[in-house]
Protein chains: 2
Amino acid sequence: MPSPGPEMEIVHLLRAVTVELGLHSARFAQRNAMHPTDVRALIALMDASRAGEERTAGRLGAELGLNSAGTTSLLDRMERAGHVRRVRGREDRRKVVVEVDERAVELGQAFFGPLIGRAVELLQGYDEGERAAIRGFLAGVRDAAAEEV
Amino acid sequence: MPSPGPEMEIVHLLRAVTVELGLHSARFAQRNAMHPTDVRALIALMDASRAGEERTAGRLGAELGLNSAGTTSLLDRMERAGHVRRVRGREDRRKVVVEVDERAVELGQAFFGPLIGRAVELLQGYDEGERAAIRGFLAGVRDAAAEEV
DNA sequence: ATCGAGTATCTTGCTGAGCGAGATAATACG
DNA sequence: CGTATTATCTCGCTCAGCAAGATACTCGAT
């Protein structure tokens with residue numbers, strides 16, 4: 001066990017943040033009768049839509065680490081709940097393009113918006129040098145986690 | 001949709017970090033034939049042990065959001081894998097104190113240690129003012145996520 | 001001392017997310 | 001056209017976690 005230098009406080013803080021954000025997502029899921037995977041799917045779809053991209057069933061499943069059967073059942077579930085629509089691809093009619101329902105987007109924004117707003121507010125309280133430190137630390141941890149074998 | 005100021009980059013970075021850390025945990029889980037819940041349990045137990053506290057079955061289940069049946073099956077699973085031991089409470093013999101096996105602790109430290117070390121390293125590259133900004137931002141987000149209704 | 005209420009854990013039976021294997025349907029290429 | 005490839009869906013299954021109830025222990029009151 002390494003002697004706990006002052007850096008460890010921040011490491012634990014980062015873990016606390018990920019735990020709280022996870023719980024926050026779980027609250028959103030439970031409140032809207034969704035499963036964690038459904039929330040991840042919704043977020044992935046909203047990300048894609050913001051980037052102006054389409055998401056097919058298969059691509060979405062791959063992003064979430066599901067196989068084709070699991071993806072089908074995820075889409076069945078979310079379509080049944082009215083959160084997404086299946087639309088056959090126009091070019092390639094084997095594909096199924098997944099469209100997010102407008103109300104699901106609003107639901108997500110209403111829930112996560114305040115938290116995001118609060119984070120932006122916090123960040124505005126720092127000068128550019130401080131923000132650069134925050135940015136650098138987060139990018140560093142992200143890369144370290146992604147690179148670890 | 002708010003216009004994406006320079007703060008949003010950091011918000012997305014934070015989300016990327018939580019995603020990557022989640023995937024990292026999942027790799028640990030898969031590599032050791034554990035479920036995500038088992039990893040959360042292991043971490044909770046190690047935290048408790050570091051704080052010099054005992055964890056009973058019920059208390060652990062409550063921390064993980066499981067009911068008593070789920071807790072029993074979690075412990076069955078982890079005991080079968082040799083990661084924990086059940087020990088009847090001495091004072092109150094209804095209780096079951098969960099002890100983490102030394103090898104499970106080492107497994108966890110070996111896996112998460114390098115990442116933690118890298119984070120500490122990154123933090124040492126900042127001066128105290130920058131570290132204070134990182135600390136403040138993380139604490140602020142943690143509190144915001146915890147307080148959101 | 002023992003009875004009853006309260007508490008901790010385990011047992012039983014079930015639901016449903018996600019997997020593997022294979023079916024079905026559309027496209028691509030000879 | 002026919003064969004290979006790709007995208008999705010169907011079927012049958014496993015197993016995590018739930019609800020309800022059983023079991024075992026503690027503690028206060030009488």
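Lay chain B on chain A and the fit comes out at an RMSD of 0.1 Å, after a turn of 179° and a shift of 0.0 Å along the axis. The two copies are thus related as by a two-fold rotation axis. Keep in mind that this is a predicted model. The contact between the chains fits that picture: 98% of the interface residues of chain B are interface residues in chain A too, so the copies meet through the same surface.

Now look at the nonpolar residues. The largest nonpolar core has 42 residues, and those touching the most other members are Ile134, Phe137 and Leu138, in chain A and in chain B. Which helices feed this core? In chain A, α1 (7–31), α5 (102–124) and α6 (128–147) each supply at least two residues, and in chain B α1 (7–31), α5 (102–124) and α6 (128–147) each do so as well. For a close-up, pick Leu138(A): once its neighbours within four places in sequence are set aside, Leu138(A) is in contact with Ile10(B), Leu13(B), Leu14(B), Val17(B) and Phe137(B). Apart from the largest core lies another one, of 23 residues, and its members include Val39(B), Leu42(B), Leu64(B) and Val96(B).

Next, a pair of helices within chain A. Two packed helices are described by the angle between their axes and the distance between the axes. For α1(A) and α2(A), the latter spanning residues 36–50, the axes come within 9 Å and cross at roughly 100°. An angle of 65 to 115 degrees counts as roughly perpendicular, so α1(A) is roughly perpendicular to α2(A). Where do they touch? On the α1(A) side you'll find Ser25(A), Phe28(A) and Ala29(A), and these meet Pro36(A), Val39(A) and Leu42(A) of α2(A). Sorted by class, this contact has 5 nonpolar residues, 1 polar and no charged ones.

Pro36(A), part of helix α2 of chain A, deserves another look. Is Pro36(A) buried or exposed? Its relative accessibility is 61%, and exposed means over 50%, so Pro36(A) counts as exposed. Pro36(A) and Ala133(A) are 97 residues apart along the chain, and their C-alpha atoms are separated by 32 Å.

Thr71(A) gives you the opposite case. This residue is found in helix α4 of chain A, residues 68–80. With a relative accessibility of 6%, and buried meaning under 20%, Thr71(A) counts as buried. And what does Thr71(A) touch? Not counting residues up to four places away in sequence, Thr71(A) touches Ala57(A), Gly61(A) and Leu66(A).

Methods:
Residues numbered from 1 in each chain as written. Chains lettered and ligands numbered in written order. Predicted model: local features only at pLDDT ≥ 70, side-chain atom pairs only at ≥ 80, totals over all residues. Heavy atoms only, no water. Least-squares fit on C-alpha atoms with pLDDT ≥ 70 in both. Contact = heavy atoms within 4.5 Å. Core = buried A, V, L, I, M, F, W, Y, C linked by side-chain atoms within 4.5 Å. Buried < 20%, exposed > 50% of the residue type's maximum accessible area, 1.4 Å probe, protein only. Helix = DSSP H or I, 4+ residues; strand = E, 2+ residues; numbered from the N terminus. Axes fitted to C-alpha atoms, helices over the stretch in contact; angles between N-to-C directions. Parallel < 35°, antiparallel > 145°, perpendicular 65-115°, else oblique. Nonpolar A, V, L, I, M, F, W, Y, C, P; charged D, E, K, R; others polar.
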